[in-house]
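Here is a set of questions and answers for someone meeting this structure for the first time. Please keep the sequence and the 3D view open while reading.

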Amino acid sequence: MRLTLVQGDITQQRADAVVNAANSSLMGGGGVDGAIHRRGGPEILEECRKLRAGQYSKGLPTGQAVATTAGRLPARWVIHTVGPVYSASEDRSELLASCYRESLRVADTLGAASVAFPAISTGIYGWPMDDAARIAVEAVRAADTLVEDVRFVLFDAAAYAVFEARL
Ligand code: ADP
């Protein structure tokens with residue numbers, strides 16, 4: 001597996017699958033989620049609604065992942081995963097690692113060879129970047145997956161530098 005870093009916008013990534021830092025409602029939100037739905041168009045939300053009407057009537061649980069079309073994004077699929085909200089008093093790192101593992105597992109079921117990840121939980125969900133980067137890199141490196149190309153897409157130079165140091 002090749003692990004690479006880019007600084008940029010996840011909605012512009014050409015990859016088989018891009019990962020969305022979703023919330024459990026699957027109905028959209030801010031940050032990465034808002035950008036993906038805005039740029040990807042209504043088809044993605046349409047499929048999310050169907051998931052909510054079916055298997056995920058109670059929402060997508062934290063740490064799990066599910067795929068939809070990527071709509072107008074330059075990717076084939078969006079893999080939605082729900083990161084944990086950071087807690088200073090409770091160790092939720094296993095749930096964050098699970099987001100990366102489960103996303104790669106879903107990518108395998110799709111036959112996706114390249115997957116682009118944002119820094120899950122480091123925005124609205126408040127996870128400190130350095131700790132999130134450590135968990136992300138460890139989880140991806142340890143994953144048992146056929147995905148050949150994993151890209152971490154960091155929105156700003158500071159986040160890029162933190163991931164670079166961890167790699
Ligand atoms: P969460 O709710 O899991 O914390 P956010 O979407 O709020 O997710 O933020 C996750 C990370 O993604 C943050 O570091 C944020 O700066 C970054 N981010 C926000 N928009 C984009 C984007 N369009 N492309 C890549 N990263 C983004």
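A residue is called buried if 20 or more other C-beta atoms lie within 10 Å of its own, exposed if 12 or fewer, and partly exposed in between. The model discussed here is predicted.

Q: Is G59 buried, exposed or partly exposed?
A: G59 sits in the loop between α2 (42-53) and β3 (65-69). Counting around this glycine gives 16 other C-beta atoms within 10 Å. Because that count falls between the limit of 12 for exposed and the limit of 20 for buried, G59 is partly exposed.

Q: How far is the C-alpha atom of G59 from that of C48?
A: Along the chain, G59 and C48 are 11 residues apart. In space, their C-alpha atoms are separated by 10.0 Å.

Q: How many helices and how many strands does the protein chain have?
A: Read along the sequence, the elements of the protein chain follow the pattern β-β-α-α-β-β-α-β-α-β-α. Counted by type, these elements are five helices and six strands.

Q: What radius of gyration does the protein chain have, and what would a compact globule have?
A: The C-alpha trace spans about 40 × 35 × 30 Å along its principal axes, and 43% of the 167 residues count as buried. A compact globule with 167 residues would have a radius of gyration near 15 Å, and the protein chain agrees with this, having 14 Å.

Q: Which feature does UniProt place at residues 1-167?
A: In the model, the end C-alpha atoms of residues 1-167 lie 14 Å apart, and the span is 38% helix and 22% strand. For these residues the UniProt record, an unreviewed entry, gives the feature "domain: Macro".

Q: Which residues of strand β5 (residues 114-117) point one way, and which the other way?
A: In a regular strand the side chains alternate between the two faces of the sheet. In β5, where all four residues named here are buried, S114 and A116 point one way, and the other way point V115 and F117.

Q: Which residue is the bridge partner of V18 in β5?
A: V18 belongs to the pairing of strand β2 (residues 15-22) with β5, which is in the parallel sense and has two bridges. Within β5, the bridge partner of V18 is A116.

Q: Which residue in strand β6 (residues 149-154) stands opposite A116?
A: Strands β5 and β6 run parallel and are joined by four bridges. Between these two strands the chain passes through helix α4 (residues 129-142), in a β-α-β crossover that is right-handed. Opposite A116, in β6, stands R151.

Q: How far apart in space are R134 and F163, C-alpha to C-alpha?
A: R134 lies in helix α4, and this arginine is partly exposed because 16 other C-beta atoms lie within 10 Å. In sequence, R134 and F163 are 29 residues apart, while in space the C-alpha to C-alpha distance is 7.9 Å.

Q: Which residue in β4 stands opposite T68?
A: Four of the five residues of β3 are buried, so this strand is largely enclosed by the rest of the structure. β3 pairs with strand β4 (residues 75-82) in the antiparallel sense over five bridges. The two strands form a hairpin with five residues between them, and G71 in the turn has a positive phi of about 55 degrees. In β4, the residue opposite T68 is V78.

Q: What phi does L26 have?
A: L26 lies in the loop between β2 and α1, and this leucine counts as buried because 24 other C-beta atoms lie within 10 Å. Although L26 is not a glycine, its phi is positive, at about 60 degrees.

Q: Is S121 buried or exposed?
A: The loop between β5 and α4 holds S121, which has a positive phi of about 70 degrees although it is not a glycine. Since S121 has 27 C-beta neighbours inside 10 Å, this serine counts as buried.

Q: Which helix gives the most residues to the shell around the ligand?
A: Of the 21 residues around the ligand, A21, G31, V32, G123 and Y125 come nearest. By class, the shell has 12 nonpolar, seven polar and two charged residues. With four residues, the helix that gives the most to this shell is α1 (residues 31-40).

Definitions and conventions. Residues are numbered from 1 along each chain as its sequence is written. This is a predicted model: local features need pLDDT of at least 70, side-chain atom pairs count only at pLDDT 80 or more; totals for chains, interfaces and linings use all residues. Two strands pair if DSSP finds at least two bridges between them. A crossover is right-handed if, with the strands pointing away from the viewer, the path from the first strand over the helix to the second runs clockwise. A residue is near a molecule or strand if its C-beta atom, placed from the backbone, lies within 6 Å of it. Ala, Val, Leu, Ile, Met, Phe, Trp, Tyr, Cys and Pro count as nonpolar, Asp, Glu, Lys and Arg as charged, and the others, Gly among them, as polar. UniProt positions are given in the numbering used here, feature names are shortened, and annotations may be inferred rather than shown by experiment. The radius of gyration is taken over C-alpha atoms; the globule rule is 2.2 Å times the number of residues to the power 0.38.
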